[in-house]
Amino acid sequence: TNFSTSVVAEIESTNEVVSFNTISENQYKHSEELNNVYWNKLQGSISANAGIAPDGTTTADKFIPDTTASSFHVVDTQAFGNVPSGNHTLSIHVKPDGYNFFHWRTDGFNSFFNVSTGTVISAGSGVTASIENAGNGYFRCIVSRNFTGGARVSFGPTETGTSRIFTGDGTSGALLWGAQIEAGTTASVYLPTGATSPTVGLTTVTRGVNGTTAASASSGDSIQQLPYALSSV
């Protein structure tokens with residue numbers, strides 16, 4: 001906190017120079033706890049900690065659509081509140097577990113992904129959609145849009161890559177982990193959140209003596225943006 005972008009700081013213990021590009025914020029809470037009541041589940045249920053997440057922890061949750069016919073099997077972010085106006089980017093990590101397709105519904109527009117092959121099938125009107133390989137069989141599904149304000153969003157696995165309306169079999173679904181919403185038009189590094197507040201972090205951090213031997217910085221390193229107080233990467 002209290003850092004400005006595109007500045008040079010130093011690690012207190014080693015006097016290494018640190019630089020970073022931007023400060024990002026994950027505005028969701030419970031980003032790895034889709035079983036929490038913060039997330040509204042429609043025509044489906046969550047099996048908590050059902051799989052290994054991209055970071056190697058057993059924190060991925062499985063969303064299982066129920067057997068309701070011709071309904072919407074989704075996780076709704078109503079608990080978060082409506083997305084404010086302006087450009088926002090939403091993302092989540094998805095791994096097939098019965099269904100190979102996934103969708104984001106943003107401001108009334110559907111975007112579809114094949115999370116088996118790692119491809120974008122289609123993007124909704126006014127939506128920029130992309131997908132990234134996150135390892136361990138996961139793909140990060142990303143959508144960006146200039147929201148008009150008051151929009152609700154939802155997401156979930158689908159039986160096909162063309163519609164979010166289908167009849168589930170009660171066992172098939174997908175592993176979901178690491179939901180994020182942030183201001184802007186691009187997805188930054190994923191920031192895990194808990195129950196109390198959004199998480200703010202520095203992105204594209206490098207470190208090195210006098211800035212000459214850049215390497216990845218470690219989470220938790222104390223840094224000082226002189227002449228101000230210590231904070232953490």
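Let me start with Lys62, which in this predicted model counts as buried because its relative accessibility is 11%, and the cut-off for that word is under 20%. This lysine lies in strand S6, and a polar atom of its side chain is 2.9 Å from the backbone oxygen of Thr171. If you look at what surrounds Lys62, leaving aside residues up to four places away in sequence, you find that it touches Ser45, Ile46, Ser47 and Ala50, then Asp97, and then the run Thr171, Ser172, Gly173, Ala174 and Leu175.

From Lys62 we can move outwards to the strand that holds it. Strand S6 covers residues 60-65 and pairs with S5 in the antiparallel sense, over five bridges, and in this pairing Gly44 stands opposite Pro65. Both strands belong to an open sheet of six strands, in the order S5-S6-S17-S9-S14-S13, with antiparallel pairing. Its edges are S5, residues 44-51, and S13, residues 127-135, each of which pairs on one side only. On average, and ignoring direction, neighbouring strands in this sheet are turned by 30 degrees against each other. As a reminder for those new to this, strands of a sheet pair through backbone hydrogen bonds, and they may do so in a parallel or an antiparallel way.

How many helices and strands does the chain have? There are zero helices and 22 strands. Of the 233 residues, 43% count as buried, and the chain exposes about 10300 Å², with carbon and sulfur atoms supplying 48% of that area. Among contacts with a separation of 6 or more, 64% are between residues 24 or more positions apart.

Let me turn now to the interior. In soluble globular proteins, nonpolar side chains tend to be buried together. Here the largest nonpolar core has 29 residues, and the members that touch the most others are Tyr28, Ile92, Phe102, Trp104, Phe113, Phe155 and Leu176. Strands S9, S10, S13, S14, S15 and S17 each supply at least two residues of this core. A second, separate core has six residues, including Ala60, Tyr138, Leu175 and Tyr190. Coming back to the largest core, Tyr28 has contacts beyond four places in sequence that include Tyr38, Trp39, Phe80, Trp104, Ile181 and Pro198.

Strand S10 deserves a closer look, since we have already met it in the core. Strands S10 and S11 pair in the antiparallel sense over six bridges, and Phe102 stands opposite Phe113 in S11. Strand S10 is also joined to S15 by six bridges, again running antiparallel, and there Thr106 has Val153 of S15 as its bridge partner.

Finally, a word about the backbone in two loops. Most residues other than glycine have a negative phi. Which value does Asp107 take in the hairpin of S10 and S11? With two residues between the strands, Asp107 takes a positive phi near 55 degrees. Gln43, which is not a glycine either, has a positive phi near 50 degrees, and this residue lies in the loop between strand S4, residues 40-42, and S5. Gln43 is partly exposed, because its relative accessible area is 30%, which falls between the cut-offs of 20% and 50%.

How values were computed. Residues are numbered from 1 along each chain as its sequence is written. This is a predicted model: local features need pLDDT of at least 70, side-chain atom pairs count only at pLDDT 80 or more; totals for chains, interfaces and linings use all residues. Side-chain values use heavy atoms; hydrogens and water are left out. Two strands pair if DSSP finds at least two bridges between them. Helices (H or I, at least four residues) and strands (E, at least two) are DSSP runs, numbered from the N terminus. Axes are lines fitted to C-alpha atoms, for helices over the stretch in contact, and angles run from 0 to 180 degrees between N-to-C directions. Buried means under 20% relative accessible area, exposed over 50%, partly exposed in between (1.4 Å probe, protein chains only). Contact means heavy atoms within 4.5 Å. Accessible areas come from the Shrake-Rupley method with a 1.4 Å probe; for residues, only the protein chains shown count as cover. A polar contact is a pair of N or O atoms within 3.5 Å; within protein, one must be able to donate a hydrogen and the other to accept it, and residues adjacent in sequence count only if both atoms are side-chain atoms. A nonpolar core is a set of buried Ala, Val, Leu, Ile, Met, Phe, Trp, Tyr and Cys residues joined through side-chain atoms within 4.5 Å.
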